[in-house]
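Here's a quick look at how some helices pack against each other. Have the model open as you read.

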Amino acid sequence: MTRPPWEGIARLAGRRALFAVPVVLVVTFGVFAIAAASPFDPVRAYAGTAALGADQETLDRLRENLGVDRPFAVRWWEWLTSALGGDLGHSSVMRQPVAQVIGERLVWSSLLCAVAFAVAVLVGTSLGVLAARRPGSWLDRTVTSLAYSLEAAPVFWVALLAVWFFALQLDALPAGGLTDTASREVTAGQVARHLVLPAGVLAVSQLPWFTLYVRQGVGDALAEDPVRGARARGLSERTVLLGHALRSGLLPVLTLIGSRVPELITGALLVETVFSWPGIAAATVEAATAVDFPLLAALTTLATAAVLTGNLLADLLYGLFDPRVSLSDM
Amino acid sequence: MTTRHIRRAAITVAALTGLSACSAPGGGADEGKAADSVVIGVASEPDTLSPLLGYGKDGNSKIFDGLLAHDADLELKPALAKALPEVGDDGRTYTYTLRDGVEFSDGEPLTSADVVFTYRTILDAKTNNTARSELDAVKEVEADGDDKVVFTLKYPYAPFAARTVLPIVPEHMAGKEDPNTGSFNTKPVGTGPYVLAGWTRGEKLAFRANPNYWGGAPRVKTFTMAVIADDNVRATRLRSGDLDGAILPPNLAATFKGEAGSLTYDAKSYDFRTVTLPTENKVTADRAVRQALDAAVDREAMVDKVLDGAGRPAYGPLPVDDPWFATDIKRSQDLAKAKRVLDEAGWKTGEGGIRAKGGLRAAFTLLYPSGDKVRQDHALAYASDAKKAGIDVTVESATWEVIEPRMGKDAVLAGFGSTGDPDFGLYTLLHSSLAGDGFNNMGRYANPAVDKALDTGRRSQDPAVREAAYDTLQRELVKDPGYTFLTHIDHLYVLADRWDGLTTQLEPHEHGFASGPWWNIEDWQPKK
């Protein structure tokens, strides 16, 4: 690498940003099309339980006022043009401007995902290294089989199990919400206590991938020449393991970070619903079942951006850590 | 290099233990809770808090007041109005005089302009209010000076006064914005006993007492509604002390019976479960089949088995203890009668004990909304009773999206029931002019005698004439039972025993937020 690395980074980010434009267009158009084809009735969702007693005139009037009968392509175009002008529209299900819905909720989703992801990467990597150190040992076998079981377990099932055990049986942790029910302020201590279960469950659902990848990567690296050379030079086992084997074993994990982001978002969707966490994902579920186009489109764009950023991040890390890879080739 | 790794590992470990330290049990349920703070668990939350879009239209909205209000016995009493309205022009005009010195919680005075604004906005077709048709009778609402409001009706509408429990909003706040999208939907301001302190959608609504409330500052200072959809989770959080009270299904409420420090409130209701017998289906349209089904069902058994005793048999849409109920229509299961009626009408027992007439099998499908355990149990009990009379009922669950287009042909296990006046629930349920109109008259019931009774009950001002009309209606419904009424279900609430003299109202089908012992939480007094 002769040029400074930031130049390559900027070029790659720029190329990806250009690529993101058509992706977002296609994805949002697809969301509008699927939502329009869904069996959910936006008028019913808007009226809530009142719809079950409403007369036809009222339902027709709402349908007209909400403008839900226009073709989805028209509505997509209107949404797109006003979104480009900075107006994300009004969420019919939340009865709030979309920007306000996202503003109130994004921070809690980010907190949940960031904590869960950090825990998953750190704990997953540590377990992977421990397992790879002595392949076939009882520790390795325990960690590996546990990881495979967790990989197969659905997130919502783990979440319900955690609620049952920690909240109902032990009564040690709150079962849901952001703060205690009676409390009217959001304090850091309360949020931390309420964060443990959802973040823990989300982390546990992501952790096996990191464990298994690191175990494989480090295991392979331990058999390679540089490691053998290092051992021959008499370096301590710790230095060999963490300095040599882990370093080259971590490379596939970097790719994994990027590809796990969509899974993380899907996982958050289920976790937030089970734990009534007031985040973006819980709003996505509401928006989808209520066919709330503006909110759904904004949230999809957000999720798309998160996935693309995750991929970009993985590529950048890869380029920086592996001298064989050039950023300009990506 | 090694030390750096150790340090890094140490930081990681510290971070991890830090995390697990957070998970240590913090404050459990604190003992000796104060009586001035109440946390209630409910199953669902309102879509909006703006009365312009329908919030609190039946009263008990906490944040707002109507011109009138209901007391514990559902009698109308003055609220923002000084007295009950003066009715003039043969029941076509209603004049209300406003109470003096009432202020919104932001300090602005209430005037007749606010009342006019509220009603006119709701009547505007561009406002997305789902209950606008309830004010169908109103032709015009006008202010007469600062403290008088006059409603002019299109036709004499006897129960109109009961509609004016509808909450009044401040024009100076809500008038500046689009009622459908404005911030008033989530940040309301009213004259009511409580002020909204915060609303986290899907989690909770918090209220604090309005110290300047015209009816006197409430003793309960803070009031939280926790939104917990799952019945079991709600019960658990109630048991753990996280909640002070909750609405619970009969089986879970029973687990709290006899527990020290908690009381169970059993609220009677207008909330009936019924089977619609659609006119467009050849089997259910047959009067003999309808009568046979009505005779074959064992309502007492449904109350005992399905509702664990928390309900009453429904012999018609009105509950047995309603003043409008026609007492002599009470009837028990009579299988012999069911069989006789079918025999006489030519429904002959055929293959597998199922009757048929002219090649038409006495069979139909009964739909119930999926996930509703109480309706499912009702449907299964109904099918089993029908079988004994030789009628084959297939029970199916479906979402409302699936049920709606099939309502004209298939029977539905429906639930309705409105309080306030018999007209409110019965007209939309039974009048032939509303057959198949949205969710009104789902079974397309058409009976000229019933229509006439409904019209008389709606128009007449004379209580005796109205009573006779609703009496006729209930009897006609027994002769031609286009709906098989099954039960009126009780609503059960469990609440910590820290307050004196709590009551429940007779409740409508829609319940949870405005109903329950907390319907008048502003009047609660701590226990001595």
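Two helix pairs are covered below, one in chain A and one in chain B.

This is a predicted model, so to speak of local features takes pLDDT of at least 70, side-chain atom pairs count only at pLDDT 80 or more, and totals for chains, interfaces and linings use all residues. Residues are numbered from 1 along each chain as its sequence is written, while chains are lettered from A and ligands numbered from 1 in the order in which they are written.

**Chain A: helices 12 and 13**

- Helix 12 (residues 280-289) of chain A packs on helix 13 (residues 293-321) of chain A at about 140°, axes 9 Å apart.
- That angle makes helix 12 of chain A oblique to helix 13 of chain A (not under 35, over 145 or 65 to 115 degrees).
- The two cross in a left-handed way (near helix turned anticlockwise from the far one by less than a right angle).
- From helix 12 of chain A, A:I280, A:A283, A:T284, A:A287 and A:A288 meet A:L295, A:L296, A:L299 and A:L302 of helix 13 (contact means C-beta atoms, placed from the backbone, within 7 Å).
- That contact has eight nonpolar residues, one polar and no charged.

**Chain B: helices 13 and 14**

- Helix 13 (residues 448-459) of chain B and helix 14 (residues 463-479) of chain B cross at roughly 155°, with axes coming within 8 Å.
- So helix 13 of chain B is roughly antiparallel to helix 14 of chain B (over 145 degrees).
- Their crossing is left-handed.
- Nine nonpolar, three polar and two charged residues make up this contact.

Technical notes
Axes are lines fitted to C-alpha atoms, for helices over the stretch in contact, and angles run from 0 to 180 degrees between N-to-C directions. Helices (H or I, at least four residues) and strands (E, at least two) are DSSP runs, numbered from the N terminus. Two residues are in contact if their C-beta atoms, placed from the backbone, lie within 7 Å. Ala, Val, Leu, Ile, Met, Phe, Trp, Tyr, Cys and Pro count as nonpolar, Asp, Glu, Lys and Arg as charged, and the others, Gly among them, as polar.
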